[in-house]
Amino acid sequence: MKYLINGGNKLFGRLEVDSAKNAILPIIASTIMCDEECVIKEIPMYLDVIEMSAILEKLGKKVEFRDGNLIISGSLNSTSVIMAETKTLRSSIFMLGPILAKYRKAIFTSPGGCDIGKRPIDIHIAGLKSLGVKFTYANDLIYADASKMQVGEVELSFPSVGATENIMMASVLNDGEITVIRNCAREPEIVDLAKFINSMGGKIFGAGYETIVIYGVKKLHGTSFRCIGDRILAGTYLIAAAMCGGRIELEGIDPNFLLPLIVFLRNSGCNIDLFSDKITLENFSKLKSIGKIETSTFPGFPTDLQSLILVMQTISKGTSIIHETVFEARFKVVAELAKMGAKISVSERYATIIGVNKLKPSNVVCPDLRGGAALVLAGLVAKGTTEVDEIFHIERGYYNFDKNLRSLGANIEKVE
Ligand code: UD1
């Protein structure tokens, strides 16, 4: 499938922001710890969510998409997470913590995911080892044994999102015991995961701060929950409106999740108003370059918006520098943007962008999830027809992307 885009339209209108993919995925994994029915409400059909649900189903859980909700119940009949899907979905590693918490043993293949760098799992493993989990390796498989899991203190060497979530989940069912995790990632999706687990009867304190404390409980019960709005989706639409010009209103998003982006968009010349659960953006003038920007962990500038801010700089007046500090290979979209007339040079983890007056339409191919979305934004401003191919990358984390953009006035079609 591909998108055909006829660029040049301004964007006007209102959108409801879907639930956050990066909250839903670990939350799906955490349902492994509970046999009763868990309802995750208003689920967008991101491909990653469909794939994660399919893995869970293959492991024995009952998984159902009904009336827009995801309903999960039952127990696992296998703790071997070694099917083909785990090669492409890195988030399958989130199942390690919950499986060890409930079943005390697991077999895993090394997880896959977006091709944006090495993405090892050494921090997950080191953290679990300090809780007494034993690991052995054979034939590309990782064997984990948590039969002697003990409580303790875990100090993460880097605030990895996935490692924080995995170690937090592994500690939830250590009945009556206290686990402390230090140097945790503080992303809002981790807070949402903790809220979900606590709504099942878990006792997690401090999510969103550097130290998380988990009081182990014996058992979890069923729950019903709606995840937070997706800050990366919201950021994508804000950047799209900034680039195309127009006025949009996004509902269902807490502006506190996006403060660094809001600062950059305001400095670029956009008018932005913030409400408790809503953001409006208006822009009718040429964007100014942002100068220098560095990605980092929350509350810094999110790496997941780096490709989107990069494409925005290609048509902003002046020169800007983006320093990618989180992933080592997240500039793959640059080669595709060059086909559209963008002036970007990359040296290691730095990209220097010289703003041009306009981008030209071209045929481009998505390199990864966010890079793919960046190409769509480039297509929206390039006058003429742009073809964006291999959009399955985009659909991993954007549901109804074309439909939503059309509702704002963009000319975009999904075709075979
Ligand atoms: C999560 C997000 C992803 C986002 C990223 C950083 C989900 C489903 N995905 O990914 O969208 O881009 O956070 O905000 O929530 N690292 C190691 N060893 C480890 C773990 C991580 O070296 O054991 C490195 C990674 O290679 C990467 C950096 O740490 O360079 C950040 O990774 P991490 O925070 O773990 O990201 P993910 O949880 O994979």
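**Exercise 1. The sheet around E10**

How many bridges join E10 to strand E11, and do the two run parallel or antiparallel?

*Solution.* The model worked on here is a predicted one. Begin with the pair itself: E10 and strand E11, the latter covering residues 178–182, run parallel and are joined by three bridges. Next, locate a facing pair of residues, which is found where valine 154 stands opposite isoleucine 181 in E11. Then widen the view to the open sheet, in which four strands follow the order E10-E11-E13-E12 with mixed pairing. The edges of this sheet are strand E10 (153–155) and strand E12 (203–205), each of which pairs on one side only. Finally, from one strand to the next, the twist averages 15°.

**Exercise 2. The loop after E11**

Determine where arginine 186 is found, and decide whether this residue is buried, partly exposed or exposed.

*Solution.* Arginine 186 belongs to the loop between E11 and helix H7 (188–199). For the second part, take the relative accessible area of arginine 186, which is 29%, and compare it with the cut-offs, under 20% for buried and over 50% for exposed. Because 29% falls in between, arginine 186 is classed as partly exposed. As a last step, consider glutamate 210, which is 24 residues from arginine 186 in sequence, while the C-alpha to C-alpha separation of the two is 6.7 Å.

**Exercise 3. The ligand and its shell**

Describe the surroundings of the ligand, from the residues of the shell to the polar contacts and the covered area.

*Solution.* First, count the shell: 19 residues surround the ligand, and the closest are Asp122, Ile123, Ser160, Asp304 and Val326. Sorted by class, the shell comprises eight nonpolar, six polar and five charged residues. Second, assign the helices, noting that H5 (122–129) and H6 (161–170) each supply at least two residues of the shell, and that H5 gives the most, with three residues. Third, examine the oxygen atoms of the ligand: a polar side-chain atom of arginine 90 lies 2.8 Å from one such atom, whereas valine 161 places a backbone N or O atom 2.8 Å from a ligand oxygen, and a backbone N or O atom of glycine 162 also lies 2.8 Å from an oxygen atom of the ligand. Fourth, turn to the area, where the protein covers 88% of the 730 Å² that is accessible on the ligand on its own.

**Exercise 4. Burial of H1**

Establish how many residues of helix H1 (residues 21–30) are buried.

*Solution.* Nine of the ten residues of H1 are buried, and the helix is accordingly mostly covered. The buried residues include Lys21, Pro26 and Ser30.

Notes. Residues are numbered from 1 along each chain as its sequence is written. This is a predicted model: local features need pLDDT of at least 70, side-chain atom pairs count only at pLDDT 80 or more; totals for chains, interfaces and linings use all residues. Side-chain values use heavy atoms; hydrogens and water are left out. Buried means under 20% relative accessible area, exposed over 50%, partly exposed in between (1.4 Å probe, protein chains only). A residue is near a molecule or strand if one of its heavy atoms lies within 4 Å of it. A polar contact is a pair of N or O atoms within 3.5 Å; within protein, one must be able to donate a hydrogen and the other to accept it, and residues adjacent in sequence count only if both atoms are side-chain atoms. Accessible areas come from the Shrake-Rupley method with a 1.4 Å probe; for residues, only the protein chains shown count as cover. Ala, Val, Leu, Ile, Met, Phe, Trp, Tyr, Cys and Pro count as nonpolar, Asp, Glu, Lys and Arg as charged, and the others, Gly among them, as polar. Two strands pair if DSSP finds at least two bridges between them. Axes are lines fitted to C-alpha atoms, for helices over the stretch in contact, and angles run from 0 to 180 degrees between N-to-C directions.
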